Amino acid sequence: MVVFPARSVAAWGFSFGIIIFFAYYSTAPLPLRRPVAQIVTRGSVAPRFSSPKRIFKPWFGKTRTCQRAISQNKDVIEVELPKFLDCEYPFILDTLTNRVPNKIIARTIEYNKDTLTDDQVKRLEQIAQEMKDNCEIRLIEDGALDAKEWNSLLTPYADANAKWSDLPWLVWETYLYRRMLEASDYWSSRYDLFALEKSEGLKTSHDQVQQRMQVSSKLGGQWTWESFRTVLLLDLWGNQADASLFSLDTIGSKGTQDNDNLISDDSPKVWQALTRSEKISGNRKVVFFNDNAGLEIVSDLSLAHFLLKSGQVQTVEFKVKPYPFFVSDATPKDVEETIEYLKTEAGEESRIVGEELSTFLAQGKLKLIQEEFLASGLAMWEMPEALREELKTTTDLVIVKGDLMYRKLLGNLNPIPNPNNQP
């Protein structure tokens, strides 16, 4: 995590099964320092930072001059940035030209064909065609409250007549989902294009949901290392349930615990961070930068329930997307509906845990916060100052989850392969 004091630890999750825990010095150059702990699964490549270089946001078409690129050097120096994650990579090119326009947008139209107007369908189809034809991008035109901030990010690209493939992956993929909101008139209707898919995804993961609720009910917040690691790793594997990567036909098979494939596991250091006596403020607070609805938010709720039930943590805050995003990303409504599902549809253990989660919500121990920054195309070191200050002064642990957050942490730069998977 980018802005946290030395005592703070952050975790990032990765849709293919990677969670990496970080601690940062509050006085250090942002954004990336050496992580103090990580959990990595097979098939993942952990980033390695061999020097305390500061990586600034790249500017379209220009070489960056980075100030304080070396922490001991106050002069302005030129640095060579790692390679951008862009359409030179086959997966990213396929995402732009095939996976999103032919699969994600097409199935979104199909799921909502009885609700969308003909004009809305045409606008969504136009986005898909723009992507396949690699057209020049345009600014956001709907006049919503966030349009000015979005257009501030997009203007340098638009002024340079940039096409979709010219944008960094982080920028064009977040821009895509913002355009889908515009096309579906979200700001006037508040209609969630992805609601049906998220709901069905939760139901297809019934067995994995049951497993997590049974574990939560059985452990009951018993504060031991073994219990903590059990719930933590269940939350790790729940991150696989990403509807922007998998269809409903396959998502039900995701989330199975496979700890034999952990090739780097520093979770004891996370345990130490939560058991030490000192706290950032009077009460220990854990913040999630949440990712997907469905099984993953159930997994997050299981970990939150364990932390609050134990009494070791007094407040858990879920920072979720402010609007439907990346197909399955969770909003406050999704979390609330998931808790209701646990209370009514998923068995006795689930009902008990769901009731306790509802109580935590009513007591203010579990909080659901819409966070605009998480749905932006901005890198992590561009975090708004108010959010930065909040985390620095009130938060003991931050768990940052998901492929999007992974890319925000790296600023769309390709991580340096590290065969030893060590921080």
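I looked up the side chain of Q120 and found one of its polar atoms 3.2 Å from the backbone oxygen of S184, and I note early that the model is predicted, with local features needing pLDDT of at least 70, side-chain atom pairs counting only at pLDDT 80 or more, and totals for chains, interfaces and linings using all residues. Residues are numbered from 1 along each chain as its sequence is written, and side-chain values use heavy atoms, with hydrogens and water left out.

The side chain of Q120 also makes a polar contact with the side chain of D185, at 3.0 Å (a pair of N or O atoms within 3.5 Å, where within protein one must be able to donate a hydrogen and the other to accept it, and residues adjacent in sequence count only if both atoms are side-chain atoms). Leaving out residues up to four places away in sequence, I listed T115, A183, S184 and D185 as touching Q120 (heavy atoms within 4.5 Å).

I placed Q120 in helix α2, residues 118–133 (helices are DSSP runs of H or I, at least four residues, numbered from the N terminus). Is Q120 buried or exposed? I recorded Q120 as buried, because its relative accessibility is 10% (buried means under 20% relative accessible area, exposed over 50%, with a 1.4 Å probe and protein chains only).

I then turned to the lining of the second largest pocket (a pocket is an open set of points on a 1 Å grid over the protein atoms alone, where a 1.4 Å probe fits, with protein on both sides within 12 Å along at least five of seven lines; lining residues have an atom within 4 Å of a point). Its 21 lining residues include D192, T331, K333, D334 and E337, which lie nearest the centre, and α12 gives the largest share, 6 residues.

Methods: Helix = DSSP H or I, 4+ residues; strand = E, 2+ residues; numbered from the N terminus.
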